[in-house]
Amino acid sequence: MKRIIPVAAALLLLAGCTADEGDPQPSPTTAGSPPPWTEPANYSFVADRTCDGTTSTGKFRITVAGGEIAKTERTDGKATQGEEEVEVPTLGGMVELAQTAIDDGADATMSYDPADGHPIAVVVNRAEEENGGATCFKVSEYAPGP
């Protein structure tokens, strides 16, 4: 027993000294939180511009190639004549939109896919803008590409 205590104390000291305080540590994840997601260079998804309880302003199939929007197809059958075409950012752009809004003091929330962590819903509410300033995207059919 007298030998175990000094050995245990030495192990604890060594364990405490193995991490340099300047080294970046992985951020802890809680049970049920999505895995970290890194935006791939090529992927596709469907984005619906709708907030809960509101009519959709457009549903679009988006193809991203090389990190940029390569193709946007309107899939809801609505004509765009007489209305402003709705821009849909990449998923990384949606994350940036929400973070910028938060940094500017607006309310923004994001929901993530529990399997791979990609964004599945973005709600940005800028109360100072016309019509409440809500910008919402619901994401479906996400598919990483080659």
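Start with residues 1–31: here pLDDT stays under 50, and the model has two contacts for this stretch beyond four places in sequence. The structure is a predicted model. Taken over the chain, the mean pLDDT is 76, and 67% of the residues reach 70 or more.

**The whole chain**

Now show the chain as a cartoon. There are two helices and six strands. Followed from the N terminus, the elements come in the order α-β-β-β-α-β-β-β. The chain has 146 residues, of which 26% count as buried. Among contacts with a separation of 6 or more, 48% are between residues 24 or more positions apart. If you switch on the surface, about 9,900 Å² is exposed, with carbon and sulfur atoms supplying 55% of it.

**The aromatic rings**

How many aromatic pairs does a search of the whole structure find? The search finds three. Select Trp 37 and Tyr 142 to see one of them: the ring centres are 6.2 Å apart and the planes stand at 75°, so this pair is edge-to-face. Trp 37 sits in the loop between α1 (4–17) and β1 (43–48), while Tyr 142 belongs to strand β6 (residues 134–144), so the pair ties together parts that are 105 residues apart in sequence.

Keep Tyr 142 selected and add Tyr 43. The centres of these two rings are 5.8 Å apart with the planes at 55°, so the pair is tilted. This pair also links distant parts of the chain, with Tyr 43 in strand β1 and Tyr 142 in strand β6, 99 residues apart. Is Tyr 142 buried or exposed? Tyr 142 has a relative accessible area of 15%, under the 20% limit, and therefore counts as buried. Tyr 43 is buried as well.

Add Phe 45 and Trp 37 to the selection. Together with Tyr 43 and Tyr 142, these residues form a cluster linked by ring pairs.

**His 118**

From Tyr 142, move to a residue that touches it. His 118 is in contact with Tyr 142 and also with Trp 37, Leu 91, Ser 111, Tyr 112, Asp 113 and Val 139, leaving out residues up to four places away in sequence. His 118 is found in the loop between β4 (107–112) and β5 (119–125). With a relative accessible area of 7%, His 118 is buried. Which side chain makes a polar contact with the side chain of His 118? Select Asp 116, whose side chain makes that contact at 2.6 Å.

**The salt bridges**

Next, colour the charged side chains. Side chains of opposite charge can pair when their charged atoms come close. The whole structure holds three salt bridges.

Begin with Lys 138 and Asp 52, whose side chains meet at 2.5 Å, N to O. Lys 138 is in strand β6 and Asp 52 in the loop between β1 and β2 (59–65), so this salt bridge ties together parts 86 residues apart in sequence. Asp 52 is exposed at 69% relative accessibility, whereas Lys 138 is partly exposed, with a relative accessible area of 33%.

Then select Arg 61 and Glu 141, which form a salt bridge of 2.6 Å, N to O. Here too distant parts of the chain are linked: Arg 61 lies in strand β2 and Glu 141 in strand β6, 80 residues apart. Arg 61 is partly exposed, with a relative accessible area of 27%.

Arg 74 and Asp 76 also meet in a salt bridge, at 2.9 Å, N to O. Both ends are partly exposed: Arg 74 has a relative accessible area of 22%, and Asp 76 has 27%.

**Asp 48**

Finish in strand β1, where Asp 48 is located. Asp 48 is buried, with a relative accessible area of 17%. Beyond neighbours within four places in sequence, Asp 48 contacts Ser 56, Gly 58, Lys 59, Cys 136, Phe 137 and Lys 138. One of these, Ser 56, has its side chain joined to that of Asp 48 by a polar contact of 2.4 Å. For a last distance, pick the C-alpha atoms of Asp 48 and Thr 75: they are 9.5 Å apart in space, and the two residues are 27 residues apart in sequence.

Technical notes
Residues are numbered from 1 along each chain as its sequence is written. Side-chain values use heavy atoms; hydrogens and water are left out. Helices (H or I, at least four residues) and strands (E, at least two) are DSSP runs, numbered from the N terminus. Buried means under 20% relative accessible area, exposed over 50%, partly exposed in between (1.4 Å probe, protein chains only). A polar contact is a pair of N or O atoms within 3.5 Å; within protein, one must be able to donate a hydrogen and the other to accept it, and residues adjacent in sequence count only if both atoms are side-chain atoms. Contact means heavy atoms within 4.5 Å. pLDDT is the predictor's confidence in each residue, from 0 to 100. Rings of Phe, Tyr and Trp (its six-membered ring) pair if their centres lie within 6.5 Å; planes under 30 degrees apart count as stacked, over 60 as edge-to-face and the rest as tilted. A salt bridge is a side-chain nitrogen of Lys or Arg within 4 Å of a carboxyl oxygen of Asp or Glu. Accessible areas come from the Shrake-Rupley method with a 1.4 Å probe; for residues, only the protein chains shown count as cover.
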